[in-house]
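Biologist: I am new to this structure and would like to understand where its labels come from. Could you show it to me and take me through them one by one?

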Amino acid sequence: MKCDIIKDLLPLYIEGLTSKDSNEEIEKHLESCEECRTFFQEMSGEIEEKLSVSTDIQELDYLKKVRKRNLRTVALTSGSVVVVLLILVSLFAFGFSVSSKDMDMTYQITDNRLEMDFQLKNGHDLTRRSIEPEFIYDDDQKVIGIEHRYKPVWVFNNPFDDVGTKFSLGIEIPNEEEQEQYTSTIIIEYSDKIVKFVNGKLVE
Ligand SMILES: [Zn+2]
């Protein structure tokens, strides 16, 4: 084979694009022709350099892509974290009315106070609910009663509140003299029934 043809084929040969038959011819020629061999060595050095440079660029592109993908993953992940948090928060916000079957209620009277302890038994958490007393008036706008209402609510789990499964209530009971003026009522509103204390006595 002529040297010119060999030199034309060498770039393809170095990149491994020549056929098996051509490879044999080229290799046979390189063994016998020093000029082409030198040319081949110089050229393969240059081409390998070029190849490694382009590999570097490809690696850089790849790294950029990976970084972009990672950023996108982070964005997606934090997005879904927000969604999950919203779902959890809504679970805390919307509680369920407690059934009397799920609550252990004990009470005792000490120093004219009715002390009540509630223990939720369904494995979830109670939420704190403030109990504002409501005054009951007669037709002459005279106070004839104070009414406290407690409606126990449970949520799946409540990390923002330390109430847990227990809740306590203490209500003052008016003395005999005061009882002639007004009554003190506490109403526990369960989902299935109402428990009512009047002046410290369980009435229903
Ligand atoms: Zn040659």
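Modeller: Let us start with helix 2 (residues 20-32), whose 13 residues reach 19 Å from the first C-alpha to the last, close to the 18 Å expected at 1.5 Å a residue; the expected span of a helix is 1.5 Å times one less than its number of residues. This is a predicted model, in which local features need pLDDT of at least 70 and side-chain atom pairs count only at pLDDT 80 or more, while totals for chains, interfaces and linings use all residues. Residues are numbered from 1 along each chain as its sequence is written.

Biologist: What makes helix 2 hardly covered?

Modeller: The count of buried residues among the 13 residues of helix 2 is one, where a residue is buried if 20 or more other C-beta atoms, placed from the backbone, lie within 10 Å of its own, exposed if 12 or fewer do, and partly exposed in between. Over the chain, buried residues make up 11% of the 204 residues.

Biologist: How many helices and strands does the chain have, and what counts as one?

Modeller: The chain has four helices and eleven strands, each being a DSSP run numbered from the N terminus, with H or I over at least four residues for a helix and E over at least two for a strand.

Biologist: How do you know that strand 2 and strand 3 pair?

Modeller: Two strands pair if DSSP finds at least two bridges between them, and strand 2 and strand 3 have eight, in the antiparallel sense; in one of these, Asp 104 has Gln 119 in strand 3 as its bridge partner. They belong to an open sheet of three strands in the order 2-3-8, with antiparallel pairing. Strand 2 and strand 8 (166-172) are edge strands because each has a single partner strand, so one side of each lacks a neighbour in the sheet.

Biologist: Why is Asp 111 called exposed, and Asn 199 partly exposed?

Modeller: Asp 111 has 7 C-beta neighbours inside 10 Å and therefore counts as exposed, whereas Asn 199 has 18 and therefore counts as partly exposed. Asp 111 lies in the loop between strand 2 (103-110) and strand 3 (113-120), and its phi is near 50 degrees, a positive value in a residue other than glycine. Most residues other than glycine have a negative phi. Asn 199 also takes a positive phi near 50 degrees, in the hairpin of strand 10 and strand 11, which has two residues between the strands.

Biologist: What joins strand 10 to its partners?

Modeller: Five bridges join strand 9 (residues 183-189) to strand 10 (residues 194-198), running antiparallel, and Ile 186 has Phe 197 as its bridge partner in strand 10. Strand 10 and strand 11 (residues 201-202) pair over two bridges, again in the antiparallel sense, with Lys 201 in strand 11 as the bridge partner of Val 198.

Biologist: Which residues make up the largest nonpolar core, and what makes it a core?

Modeller: It has seven residues, Val 98, Met 103, Phe 118, Leu 120, Leu 126, Trp 154 and Phe 167, and a nonpolar core is a set of buried Ala, Val, Leu, Ile, Met, Phe, Trp, Tyr and Cys residues joined through C-beta atoms within 7 Å. Leaving aside its neighbours within four places in sequence, Phe 167 is in contact (C-beta atoms, placed from the backbone, within 7 Å) with Phe 118, Leu 126 and Pro 152.

Notes. Contact = placed C-beta atoms within 7 Å.
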